[in-house]
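Student: I would like a close look at one part of this model. Please keep it brisk and walk me through the packing.

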Amino acid sequence: MSNDDPTWNNDELEQTRVSDLDKLRDELTKRSQRDRAYLIVLAGNEVGKMFKLDDGETVIGRSHRADIRIDDDSISRLHVKLMLDGTSVQIEDLNSSNGTLVNGNRVTTEPLRDGDKIRLGETTILKFTFHDRLDENFQQKMYNAALRDPLTKAFNKKYFIDQLRTEFSYARRHDTPLSLVIFDLDHFKRINDTYGHVAGDHVLIDIADQVHGILRAEDVFARYGGEEFVIILRGIPLNDAGVLAERIRALVEQHAFMSGEQRLPVSVSVGVAAYDAKLEDPLALVEAADSALYAAKEAGRNRVLLKYPEP
């Protein structure tokens, strides 16, 4: 029944107007309630990432014991503490080696205001701010858009490189396992040429969905380029990474990739490498995994090969 219906009386119309006005006031109130405290990374690793602050204490540092972990060698293991009470926030340096600066001034204890810039160590800068719910959603969408491949929703190459540097540095510093998996679709050009690029795109999306479903939350899965994907496996040694790689290969081989009623011939070749002390930088790890991938293709495709360290 519309408002133009002659059976509507003035009281009903007035109730509708009041209801609509109440909804509008509620929405405007939500928009104006900037009461959610956040830190946003402006410089350093993971630029654009948001950290929501909860009531009470939040410790920031490069230790796994920190509430917010930032992998930056110039940041102390437990560097700084933030204390949130409602909309009141206090920052306290925890006797860090390189100090804490707020808006360029070194501080020991300081109240924070919306928009303050916090510098930790040599390269990390955080912005303290209050967001409302709409700000929060928008910022999160912008951050995700900057990190994700728009087709497959896997992380993009830039994010992968940034995270690989971070994980490589951590593995070197703490002598912990780190593995890298690279896989590539076999004869993908043939799929595009035979069934069309739309079908090819659906294969990429489907593969990404399948792989996402078997990874841990801490694994970094990214589209490296074209039909090539990479996975960073923190704390996983080479042989265990090989087990995961074989699981991915078998998953793809057994999955029904369809174009209409036609099942598409899809398989992957996989190369796996792990950090060792002889590798000088993160790109050397990529080259090692890529070398194993190339060998897998040369050996006939649809297989996994591991790159063991040189003696």
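Student: In the largest nonpolar core, which residues touch the most other members?

Tutor: A caveat first: this is a predicted model. The largest nonpolar core holds 33 residues. Phe183, Leu185, Ile207, Phe221, Ile231 and Val266 touch the most other members. Two or more residues of this core come from each of these elements: strand 12 (178–185), helix 4 (188–195), helix 5 (197–212), strand 14 (228–234), helix 6 (238–254) and strand 17 (268–274). Such grouping fits a general pattern: in soluble globular proteins, nonpolar side chains tend to be buried together.

Take Leu185 from that list. Residues up to four places away in sequence are set aside here. Leu185 then touches Val203, Leu204 and Ile207, along with Glu227 and Phe229. Val266, Ser267, Val268 and Lys297 complete its contacts. Two of these partners, Ile207 and Val266, were named above among the residues touching the most other core members.

A second core is separate from this one. It has 25 residues, including Leu147, Ala222, Ile232 and Ala273. Look closer at Ala222, which sits in strand 13. Ala222 has a relative accessible area of 0%, so it counts as buried. Its C-alpha atom is 4.2 Å from that of Phe155, although 67 residues separate the two along the chain. Beyond neighbours within four places in sequence, Ala222 contacts Ala154, Phe155, Asn156, Phe160, Phe229 and Val230. Phe229 is thus a partner of Ala222 and also of Leu185.

Strand 13 (220–225) leads on to the largest pocket. This strand supplies at least two residues of the pocket lining, as do helix 2 (133–147) and helix 3 (157–174). Helix 3 gives the most, with four residues. The pocket contains about 600 Å³ of space. Its lining has 27 residues, and Glu46, Lys49, Tyr159, Gln163 and Arg234 lie nearest the centre. By class, the lining residues are 11 nonpolar, six polar and 10 charged.

For a polar counterpart, turn to Ser74. It lies in the loop between strand 4 (68–69) and strand 5 (80–85). Ser74 counts as buried because its relative accessibility is 9%, and the cut-off is under 20%. Its side chain makes a polar contact with the side chain of Asp72, at 2.8 Å. A polar atom of the Ser74 side chain also lies 2.8 Å from the backbone nitrogen of Glu122. With neighbours within four places left aside, Ser74 is in contact with His79, Asn98, Gly121, Glu122 and Thr123.

Technical notes. Residues numbered from 1 in each chain as written. Predicted model: local features only at pLDDT ≥ 70, side-chain atom pairs only at ≥ 80, totals over all residues. Heavy atoms only, no water. Buried < 20%, exposed > 50% of the residue type's maximum accessible area, 1.4 Å probe, protein only. Polar contact = N/O pair within 3.5 Å; in protein donor to acceptor, adjacent residues only side chain to side chain. Contact = heavy atoms within 4.5 Å. 1 Å grid on protein atoms, 1.4 Å probe; cavity = no way out; pocket = protein on both sides within 12 Å on 5 of 7 lines; lining within 4 Å. Points joined across faces, edges and corners; volume = space filled by probe spheres on them. Nonpolar A, V, L, I, M, F, W, Y, C, P; charged D, E, K, R; others polar. Core = buried A, V, L, I, M, F, W, Y, C linked by side-chain atoms within 4.5 Å.
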